[in-house]
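This report introduces one protein to a reader who has not met it before. It begins with the whole chain and then turns to one strand and one residue that follows it.

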Amino acid sequence: MPLPRTRGTALRHRLAELRGPDVPAKALDARALAALAANPGCERRAILDGAGVNKPALASALGSPSAFGQSQFALTRGNAFEARVKSDGGAELLRLVHEKLDPRAEPPSDAQVPELSAIGPEGRTARTALALRDATAAGVWTLLDHPMLALDVAGSPAFLEPDAVVVHPDGSWTVVEIKSFPMLDGSADPAKVGAAARQAAVYVLALEEVAARLDPPVDTAARVRHHVLLVCPKDFSNFPAASAVDVRKQRAVTARQLARLTRIEDIADALPEGTCFSPDLPAAELTAAVESVPATYAPECLSACELAFHCRDRSRASGAVTSLGRSVRAELGGLSTVEEVLAAARGEGGDAEDPAVGALRRAAWLRAEALGGAGR
């Protein structure tokens, strides 16, 4: 007699059905997770990422391909720079961690670099947890090269792979982010640093979950450092420069937004029977499947989601005010379409007691007065 299917097993089976027969799951990395947390109200992205759907292939099949993502040149350059930073057992990387984050500790002369290979992401996650526990107990500098961490996201585990995690002699842990954009005169592009900080904050949250499971339990705030090390090329050379980045704000925001995500199983249960997001389906059937999941589009999605062009077209076609930006949407109160906004401004609709309606009518009156004065 087969064993009864548990809730977790049933969810994994359901997500596999949504992904399509024999379609491998696309891993949810920290970059995507940071973008997902930035738009927690979007059920469409939550279910597609939770099911491991290949969104670039899906966008192409829908007729709205996106150029979102890194170029092959940038990836190659980044991999070459990371290899240089980690060469010689990570000596230069550990020196930068010591210099920027822990100068009072003993210099990392004989650091350990444990082997983290294992079968599958679950095996690598378990191996990473053991390595962190052993390194913490040993009290020596330890470099974990591409460890595997697991973070619960809306009821489904996301496996994350930071560039490196360093264990200090005092037993604390530091996330290391290695990027290929330059650091000029000790500073880098603030927008790129902010994106790296949001990504590192996801790793910090995952490390805190590992620390909470240690036996005996420890204070996660004391174990996981909230200053991460950002390593970039110095000026336009291939030599590394580093800066300590405080990610406490990004960590708090990400944790709060992830907690607000609608649980993936609830979204899946609400979908019509037979819904599938396989890119091999006919365009009409695939479009209907995607449209069966509500989306929350905003212009910011263009730099964070592969389906942004598709969602933007649908948002514009329906006249949704979200296509104008989240700040505009927040100012318009209960007015959800451009048609409703124009009608309210003309005095043909809307509640006159609504402050947003009153502001629109006042703005329309001022515009008419200005145009009338210009015509005289």
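## The protein as a whole

The accessible surface of the protein comes to about 19,400 Å², and carbon and sulfur atoms account for 55% of it. The model is a predicted one, and along its principal axes the C-alpha trace spans about 80 × 70 × 40 Å. The protein contains 16 helices and 7 strands, and of its 376 residues 43% count as buried.

Among contacts between residues at least 6 apart in sequence, 64% join residues that are at least 24 apart. As for charge, there are 42 positive and 47 negative side chains, and the centres of these two sets lie 3 Å apart.

## Strand β5 and its surroundings

Strand β5 is largely enclosed by the rest of the structure, because 6 of its 6 residues are buried. In a regular strand the side chains alternate between the two faces of the sheet. In β5, W173, V175 and E177 point one way, while T174, V176 and I178 point the other way, and all of them are buried.

## The strands paired with β5

Strand β4, made up of residues 164–167, runs antiparallel to β5 and is joined to it by 4 bridges; within this pairing, V166 stands opposite T174 of β5. The hairpin that β4 and β5 form has 5 residues between the strands, and there G171 takes a positive phi near 90°.

Strand β6, which covers residues 227–233, is instead parallel to β5, with 3 bridges between the two. In this pairing, I178 of β5 stands opposite V231 of β6.

## K179, in the loop after β5

K179 lies in the loop that connects β5 (173–178) with α8 (190–212). Is this lysine buried or exposed? Its relative accessibility is 14%, and K179 therefore counts as buried, since the cut-off for buried is under 20%.

The side chain of K179 makes polar contacts with two other side chains, that of E177 at 3.3 Å and that of Q199 at 3.1 Å. E177 belongs to the group of β5 residues that also includes W173 and V175 and points one way from the strand.

Once neighbours within four places in sequence are set aside, the residues in contact with K179 are R31, F81, A196, Q199, L230, V231, C232 and P233. Among them is V231, the residue of β6 that stands opposite I178.

Definitions and conventions: Residues are numbered from 1 along each chain as its sequence is written. Side-chain values use heavy atoms; hydrogens and water are left out. Buried means under 20% relative accessible area, exposed over 50%, partly exposed in between (1.4 Å probe, protein chains only). Contact means heavy atoms within 4.5 Å. Accessible areas come from the Shrake-Rupley method with a 1.4 Å probe; for residues, only the protein chains shown count as cover. Lys and Arg count as positive and Asp and Glu as negative; His and the chain ends are not counted. The place of a charge is taken as NZ of Lys, CZ of Arg, CG of Asp or CD of Glu. A polar contact is a pair of N or O atoms within 3.5 Å; within protein, one must be able to donate a hydrogen and the other to accept it, and residues adjacent in sequence count only if both atoms are side-chain atoms. Two strands pair if DSSP finds at least two bridges between them.
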